Amino acid sequence: MGDMAEDRVYDDDDGTTEVVIAAGVGIVSVSVSGDHIGRFGVAHRCSPRDVAADDAVLAVATDEDILLREEGEFVPTGFGQAVAVGVHEGTVIGADDDGRIARFGDAWTDVDAVGASVRAIDGPLLATDDGVYRIRDGEGSGTIRSTGLETANDVAARGPFAATDAGLYTLGN
């Protein structure tokens, strides 16, 4: 029997997809092709709180900072302790324990703050213990607006959906 790499079979038509998971040991990377799992391992040891990605960027919120993967390495950005991270139109968005919301370009730029604990970010949506908020275009104070609900555990921009203790909601206008 050969090593594990020789025993893996991939369908050339499907190619492979990298799945990244925030786990207790750090950031875990798994190679998947169709319904087959290939190589997997710890990509970076840290204390991840959240992970977000699009086709161009992979960001990780940790107890120390928000990290970006650049050329296979996880690089600190200077955000500080983060509770949630998201990616919206190629831009990384981070949240801290105080409800500060910032965007990352060459440096972090504060967008606004919410008076609630941020639980998740997806696209322009924030799930907080005070409901769902939407980041509006533009920068500076007043660019985050409440969209309703009393509390939200998670959000998905595609839909858009909000998960609460009471159930799953779709967001209107």
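**Salt bridges and strand pairing**

D63 is partly exposed, with a relative accessible area of 32%; on this scale buried means under 20%, exposed means over 50%, and partly exposed covers what lies in between, using a 1.4 Å probe and protein chains only. The structure is a predicted model, so to speak a computed one throughout: local features need pLDDT of at least 70, side-chain atom pairs count only at pLDDT 80 or more, and totals for chains, interfaces and linings use all residues. Residues are numbered from 1 along each chain as its sequence is written, and side-chain values use heavy atoms, with hydrogens and water left out.

On to the charged pairs. A salt bridge here is a side-chain nitrogen of Lys or Arg within 4 Å of a carboxyl oxygen of Asp or Glu, and by this rule the model has five of them. One of the five pairs D63 with R49, at an N to O distance of 3.4 Å. That contact links distant parts of the chain, 14 residues apart: D63 sits in the loop between strand 5 (58-62) and strand 6, while R49 belongs to strand 4 (residues 48-53). Strands and helices are DSSP runs numbered from the N terminus, where a strand (E) has at least two residues and a helix (H or I) at least four. Like its partner, R49 falls in the partly exposed class, its relative accessible area being 38%.

R49 has another acidic partner: a salt bridge joins R49 to D97, with the closest N and O atoms 3.9 Å apart. D97 lies in the loop between strand 9 (91-95) and strand 10 (100-104) and R49 in strand 4, so this pair ties together parts that are 48 residues apart in sequence. D97 is partly exposed too, at 42% relative accessible area. Through shared partners, R49, D63 and D97 end up in one network of salt bridges.

R69 and E18 make a further salt bridge, with N to O at 3.0 Å. Because R69 is in strand 6 (residues 66-70) and E18 in strand 1 (residues 17-23), the contact ties together parts 51 residues apart in sequence. R69 counts as partly exposed at 30% relative accessibility, and E18 gets that label at 41%.

Next come the strands. Two strands count as paired if DSSP finds at least two bridges between them. Strand 14 (residues 131-135) has five of its five residues buried, so the rest of the structure largely encloses it. Strand 14 runs antiparallel to strand 13 (residues 125-128), and four bridges join the two. These two strands form a hairpin with two residues between them, and L125 stands opposite R134 of strand 14. Strand 14 also pairs with strand 15 (residues 144-148), again in the antiparallel sense and over four bridges; in that pairing, Y133 has S146 of strand 15 as its bridge partner.

Further along, three strands build an open antiparallel sheet in the order 16-17-18. Strand 16 (154-156) and strand 18 (167-170) stand at the edges with a single partner strand each, so one side of each is left without a neighbour in the sheet. From one strand to the next the twist averages 20 degrees, with axes taken as lines fitted to C-alpha atoms (for helices over the stretch in contact) and angles running from 0 to 180 degrees between N-to-C directions. Strand 17 (residues 161-164) and strand 18 are antiparallel and joined by four bridges, and A162 has Y169 of strand 18 as its bridge partner.
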